Amino acid sequence: MNEILQILSENARATPAEIAALLGRTEEDVAREIKELEDSGVIRKYITIIDWEKASEGYVYAVIELKVALQRSTGYDSVAERIARFSEVQSVRLISGDHDLSVTVRGKSMRDVAFFVAEKIAPLEGVQSTCTHFILKSYKEHGVILTDKPKPKRLVITA
Amino acid sequence: MTILREVPAWNAEAHLSRTVRDLPPSGIRRFFDLVNEMDEAISLGVGEPDFVTPWHVREACIYSLESGYTSYTSNKGMPELREAIADFTKEQLGLDYDPGDQILVTTGVSEAVDLAFRATLNPGDEVIVPEPCYVAYVPDIILAGGVPRQVSTRIDDGFRVTPESILPAITEKTKALVLSYPNNPTGAIMTRSDLEDIADLVVEHDLLVISDEVYGMLTYSGTHASFAQLDGMGERTIILNGLSKSHAMTGWRIGYALGDPRIIGAMTKIHQYTMLCAPIMSQMAAIEALLHGEEEMLKMKHEYNLRRRLFVSGLNRIGMPCIEPQGAFYAFPSIIDTGLSSEAFAERLLREQKVAVVPGNVFGQSGEGFLRCSYATSREELIEALDRIETFLGRL
Ligand SMILES: Cc1ncc(COP(=O)(O)O)c(C=O)c1O
C-alpha cells in the first residue's frame with residue numbers, strides 16, 4: 001500500500017514534515033505527492049472520527065436497507081445517486097444478499113430519521129421497500145475501537 | 001511444650017551458593033529502581049514491543065482454555081507447535097529441522113539460552129561473548145560452570161563480529177561462540193557474507209555457535225542471516241528463537257531451540273527435569289501466531305521501521321551521532337563528545353528531562369560511551385523525547 005496513504009488514513013493531521021521523517025524522504029517530495037493524490041481524487045477529504053455519544057450532542061444513526069427495482073438503462077446507479085445527494089445520508093452502498101442498497105442516515109432524533117425515510121426515501125421511484133435499523137450503540141467506527149480500556153503499563157526498564 | 005534452644009544469629013549469606021553470591025548485580029536493576037521513583041518519565045528503556053499481542057492470538061488462547069487445554073504437554077512441546085516452528089523456520093531461513101528430535105519448545109528464549117550453555121559446557125570451558133550484548137549470556141555461562149570471554153565489537157565495524165576481534169580470545173579451552181544478531185543493544189545485523197568471514201575460524205577451532213536470533217524477523221535494511229545457513233555449519237549451530245519480539249508475546253514465555261538431535265536431546269533432558277514443559281495455553285497461542293500471524297507481524301515491523309527512521313534521523317539532527325540500526329528496535333547513539341560517562345549521562349537525562357534510556361555499559365564494557373534507546377514506543381513519545389534530549393544537550 002502507498003505509505004503516505006496508510007499514514008494519512010490513520011492520522012489525517014499528519015503534516016508533510018512528519019510523514020517525511022517517518023519515511024526518510026524530503027518534506028517537499030511528500031507534499032508534492034500528497035497534492036497529486038488530492039488532485040487525482042484518490043484523497044477525497046480529511047475527516048475526524050468523533051464519539052458523538054461522548055460529545056453529548058448526540059446524533060441518531062440508522063442503517064436503512066432498501067429493495068430497489070432495477071432501471072433498464074441505469075441499473076442501480078440513478079436511485080443510489082439520488083439518495084446520496086441528501087445531506088442526512090452518510091453513506092450509500094450497493095450490497096449483495098437480501099437487499100440491494102444499504103444507506104446510513106444521521107438525524108437529530110429517531111423521529112427525524114423515521115420521517116426522513118418515510119418522506120424522502122420510501123416514495124422515490126424504484127424504491128420497493130425500506131427497513132430501518134436504528135443504531136443503539138457503536139463499538140467500533142472506521143477501525144477505531146470506541147469502548148477500549150487503557151493499555152496495561154509495561155515495566156519502565158527491561159533488558 | 002516449647003523446646004527452647006540456643007540458636008546463633010541466622011546468616012542467610014553464608015547459605016548462598018558462592019557462584020550466585022559472586023554474580024555481578026545487573027546494571028539494569030539499579031537503573032530500574034531509579035526510573036521507578038520518577039513518575040511521568042518517558043521511557044526509551046524498554047526491551048519489549050509496545051504492542052499488545054494481536055487479538056487473534058489472545059482469542060485462540062481464550063478458546064483453548066474454554067476447551068479445557070490445561071494439562072502438561074510433551075516435554076519437547078506440543079507436536080503441532082513443533083510442526084509450526086519447523087514450517088516457519090523453513091520459510092524464513094530455508095532450513096529443515098525435524099520436529100521429532102531437532103526442536104525444543106522452551107519458556108522464552110531465556111530458558112533456551114540457559115539450556116544451551118548447561119547442555120554443552122564442562123567446568124572451565126570458555127565461551128566467546130561479543131559485546132555489547134544482551135545481559136543474560138555472561139551470568140548464564142558462569143552458572144553453567146563455564147568461563148565467559150568477552151570480546152568487544154566496534155562501532156567502526158558496525159558492531160559486527162570480525163575474525164580479528166575473536167581470534168585473540170580463542171584458547172584451547174574455547175568451546176563456543178555466542179552470536180546475537182540482530183543485536184540488542186546496538187541494532188546491528190550480520191549478513192551472510194559477514195558470517196562467512198568468521199566461518200573458517202569457527203571450523204578451525206571446532207567451535208559450537210550459539211545463535212540468539214530472537215530479533216531475526218525484525219530487520220529493516222539488509223537481510224538477517226543465520227550461521228546455520230552457511231554450508232556445513234548447520235550441525236554446529238544452535239539457533240535460539242522465540243515469539244517475544246516478532247509477535248509481541250513477551251509475557252507468554254515461548255521460545256525454542258533448533259539444532260543437532262543430540263544437542264537438542266541434551267537440552268531436553270535438563271528441560272524435562274527443571275521446566276517439564278512450556279505452559280500449554282502459551283503453546284496454543286504460539287501455534288495460532290505462527291500459523292496465522294504473519295500479517296500482524298509485518299504490520300508491527302512496518303511501524304517499527306517508520307519510528308526507526310523518525311528517531312534515528314532525529315538523534316543525528318540534534319547532535320547524538322548514531323549509526324543506522326538495521327534490526328531489532330534499538331538505536332545506540334554515541335555520547336562520547338559530551339565527555340560524560342554513559343551512566344552519568346543517563347542519570348542526568350532522567351533527573352533533568354525525565355527521559356529514561358539505558359547506559360550502554362550495562363551491555364558490556366565496549367558499550368561505554370553509548371546509550372540504548374528503544375524505539376518500541378509511540379511516535380508521539382519519540383518526538384517528545386527527542387525534544388527533551390535536545391534541550392538537555394543544549395544545557396550541558
Ligand atoms: C537478545 C535477546 N535474547 C533473549 C531475550 C529474552 O527473550 P524471551 O522473552 O524469549 O525470554 C531478549 C529479551 O530482551 C533479548 O533481547
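In which loop of chain B does B:Pro182 lie? Keep that in mind; the tour ends there. The model on screen is predicted.

**Stop 1: the sheet of chain A**

Start with chain A. Select its four-stranded open sheet. Read across it in the order β2-β3-β1-β4, with antiparallel pairing. The edges are β2 (89–94) and β4 (127–134), and each of these pairs on one side only. From one strand to the next, the twist averages 20°.

Now pick out β2(A) and β3 (residues 101–107) of chain A. Five bridges link this antiparallel pair. Click on A:Val92. Across from it, in β3(A), sits its bridge partner, A:Val103. Strands of a sheet pair through backbone hydrogen bonds.

**Stop 2: two helices across the sheet**

Stay with chain A. Select helix α4, residues 77–84. This helix lies across β1 (60–68), β2, β3 and β4 of chain A. Against β2(A), α4(A) runs at about 165°.

Next, select helix α5, residues 110–121 of chain A. Helix α5(A) also lies across β1, β2, β3 and β4. Its angle to β4(A) is about 170°.

**Stop 3: where chain A meets chain B**

Show both chains. Which residues should you look for? Chain A brings 15 residues to the contact, and chain B brings 31. Together the two chains bury about 1900 Å². Carbon and sulfur atoms give 58% of that area.

Select A:Arg154, A:Ile157 and A:Ala159. These three supply 38% of the area that chain A buries against chain B. No other three residues supply more.

Then look for charge pairs. How many salt bridges are counted between chain A and chain B? The count is one. Select A:Glu10 and B:Arg379 to see their side chains meet in a salt bridge, at 4.0 Å from N to O. Polar contacts are there too: 13 residue pairs across the interface, with both residues at pLDDT 80 or more.

Color the helices of chain A next. Both α1 (3–10) and α2 (16–23) supply at least two residues each to the side that touches chain B. Helix α1(A) gives the most, with four residues. By class, this side of chain A has eight nonpolar, three polar and four charged residues.

**Stop 4: the sheet of chain B**

Move to chain B. Select the open sheet of seven strands. Its order is β2-β8-β7-β6-β5-β3-β4, and the pairing is mixed. At the edges are β2 (103–106) and β4 (147–152) of chain B, each pairing on one side only. Here the twist averages 20° from one strand to the next.

Zoom in on β6 (residues 208–212) and β7 (residues 237–242) of chain B. They pair in the parallel sense, over four bridges. Click on B:Ile210. Its bridge partner in β7(B) is B:Ile238.

Add helix α4 of chain B, residues 79–93. This helix packs on the sheet and touches β2, β7 and β8 (255–258) of chain B. The direction of α4(B) makes about 110° with that of β2(B).

**Stop 5: backbone details in chain B**

Now for the opening question. B:Pro182 lies in the loop between β5 (174–179) and α8 (192–204) of chain B. Select B:Tyr181 along with B:Pro182. A cis peptide bond joins them, with omega at about -10°.

B:Pro185 is also in the loop between β5 and α8 of chain B. Select B:Asn184 and B:Pro185. The peptide bond between them is cis, and omega is about 20°.

Last, follow the chain past α8. B:Asp206 is found in the loop between α8 and β6 of chain B. Check the backbone angle here: B:Asp206 has a positive phi of about 50°, although this residue is not a glycine.

Conventions. Residues are numbered from 1 along each chain as its sequence is written. Chains are lettered from A and ligands numbered from 1 in the order in which they are written. This is a predicted model: local features need pLDDT of at least 70, side-chain atom pairs count only at pLDDT 80 or more; totals for chains, interfaces and linings use all residues. Side-chain values use heavy atoms; hydrogens and water are left out. Two strands pair if DSSP finds at least two bridges between them. Axes are lines fitted to C-alpha atoms, for helices over the stretch in contact, and angles run from 0 to 180 degrees between N-to-C directions. Contact means heavy atoms within 4.5 Å. Buried area is the accessible area (1.4 Å probe) that two parts lose on being put together, summed over both. A polar contact is a pair of N or O atoms within 3.5 Å; within protein, one must be able to donate a hydrogen and the other to accept it, and residues adjacent in sequence count only if both atoms are side-chain atoms. Ala, Val, Leu, Ile, Met, Phe, Trp, Tyr, Cys and Pro count as nonpolar, Asp, Glu, Lys and Arg as charged, and the others, Gly among them, as polar.
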